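Student: I have a model open in front of me and would like a close look at a single part of it. Could you begin with one residue and then work outwards, in one connected account?

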Amino acid sequence: MSGEMVRFALVGCLAVAVQMGVYQLLLPYAAEAVANTVAYVVSFALNFVLSTRYTFRVKASGRRALGFAFSHAVNYVMQTLALLLFLAMGVPPRWAQLPMFAVCVPLNFVLVRFFLKDGK
């Protein structure tokens, strides 16, 4: 595993922890999809800063920010659909994010890497 992949995993774990924490805090007060959306936005901001500075070690730019936002818009749609699917399958709301992340994280790495590093 390359250093970049290790850094992506570390930043990703932190972003997931932040997203899950905010989701869990909001769950008693909001619908699952709303709680996940707010949690996603908070996690997104942290993730962009850490992804540019630490993971891929590139300078943040408007173009990279737009690519990052696009990749995360795709990821957000995938996460929301996966979350709703797992909820419909009977996974308890408290745990539905776990299989959602297992499905969405690998594709997110490919998209983010392309837009931050390869897509210059």
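Tutor: Let us begin with Glu 4, whose relative accessibility is 9%, so that Glu 4 counts as buried, because buried means under 20%. Please keep in mind throughout that this is a predicted model.

What does the side chain of Glu 4 meet? The side chain of Glu 4 meets that of Arg 113 in a salt bridge, with 2.6 Å from N to O. The structure holds 1 salt bridge, and this pair links distant parts of the chain, since Glu 4 is in helix α1 and Arg 113 is in helix α4, 109 residues apart. The two partners can also be described by their accessibility: Arg 113 has a relative accessible area of 24% and is partly exposed, whereas Glu 4, at 9%, counts as buried.

Helices α1 and α4 are also linked by a pair of rings. The structure holds 8 aromatic pairs, and one of them is formed by Phe 8 and Phe 109, which lie 4.6 Å apart from centre to centre, with 75° between the planes, an arrangement called edge-to-face. Phe 8 belongs to helix α1, which covers residues 3–26, and Phe 109 belongs to helix α4, which covers residues 97–118, so that this pair, too, links distant parts of the chain, 101 residues apart. Phe 8 is buried, and Phe 109 is buried as well.

A second pair reaches helix α4 from another helix. The ring centres of Phe 70 and Phe 115 are 5.6 Å apart and their planes stand at 75°, so this pair is edge-to-face; the step rests on the cut-off that planes over 60 degrees apart count as edge-to-face. Because Phe 70 lies in helix α3 (residues 62–88) and Phe 115 in helix α4, the pair ties together parts that are 45 residues apart in sequence. Phe 70 has a relative accessible area of 49% and is therefore partly exposed, as exposed requires a value over 50%. Returning to Phe 8 and Phe 109, we can add Phe 56, because ring pairs link Phe 8, Phe 56 and Phe 109 into a cluster.

Phe 8 also leads us to the largest pocket, in which about 400 Å³ of space lies. The lining of this pocket is made of 25 residues, and those closest to its centre are Phe 8, Gly 12, Val 16, Val 105 and Asn 108. Helices α1, α2 (32–55), α3 and α4 are the elements that give two or more residues to the lining, and the largest share, 9 residues, comes from α1. If we sort the lining residues by character, 16 are nonpolar, 9 are polar and none is charged.

Where does Tyr 23 lie? Tyr 23 lies in helix α1, and with a relative accessibility of 0%, Tyr 23 counts as buried. From Tyr 23 we can look across to Val 49, which is 26 residues away in sequence and 21 Å away in space, taken from C-alpha to C-alpha. Val 49 also appears in a contact, for the side chain of Thr 52 reaches the backbone oxygen of Val 49 at 3.1 Å. Thr 52 lies in helix α2 and is buried, with a relative accessible area of 3%.

Helix α2 also holds Ala 45, which is partly exposed, with a relative accessible area of 45%. The C-alpha atoms of Ala 45 and Ala 69 are separated by 9.8 Å, although these residues stand 24 apart along the chain. Ala 82, found in helix α3, counts as buried at 9% relative accessibility, and its C-alpha atom is separated by 17 Å from that of Val 41, which is 41 residues away along the chain.

Finally, the loop between α2 and α3 contains Arg 57. Most residues other than glycine have a negative phi. Arg 57, although not a glycine, has a positive phi of about 50°. At 56% relative accessibility, Arg 57 counts as exposed, whereas Glu 4, where we began, counts as buried at 9%.

Technical notes. Residues are numbered from 1 along each chain as its sequence is written. This is a predicted model: local features need pLDDT of at least 70, side-chain atom pairs count only at pLDDT 80 or more; totals for chains, interfaces and linings use all residues. Side-chain values use heavy atoms; hydrogens and water are left out. Rings of Phe, Tyr and Trp (its six-membered ring) pair if their centres lie within 6.5 Å; planes under 30 degrees apart count as stacked, over 60 as edge-to-face and the rest as tilted. Helices (H or I, at least four residues) and strands (E, at least two) are DSSP runs, numbered from the N terminus. Buried means under 20% relative accessible area, exposed over 50%, partly exposed in between (1.4 Å probe, protein chains only). On a 1 Å grid over the protein atoms alone, a cavity is a set of points where a 1.4 Å probe fits but cannot get out, and a pocket is an open set with protein on both sides within 12 Å along at least five of seven lines; lining residues have an atom within 4 Å of a point. Grid points are joined across faces, edges and corners, and a volume is the space filled by probe spheres set on the points. Ala, Val, Leu, Ile, Met, Phe, Trp, Tyr, Cys and Pro count as nonpolar, Asp, Glu, Lys and Arg as charged, and the others, Gly among them, as polar. A salt bridge is a side-chain nitrogen of Lys or Arg within 4 Å of a carboxyl oxygen of Asp or Glu. A polar contact is a pair of N or O atoms within 3.5 Å; within protein, one must be able to donate a hydrogen and the other to accept it, and residues adjacent in sequence count only if both atoms are side-chain atoms.
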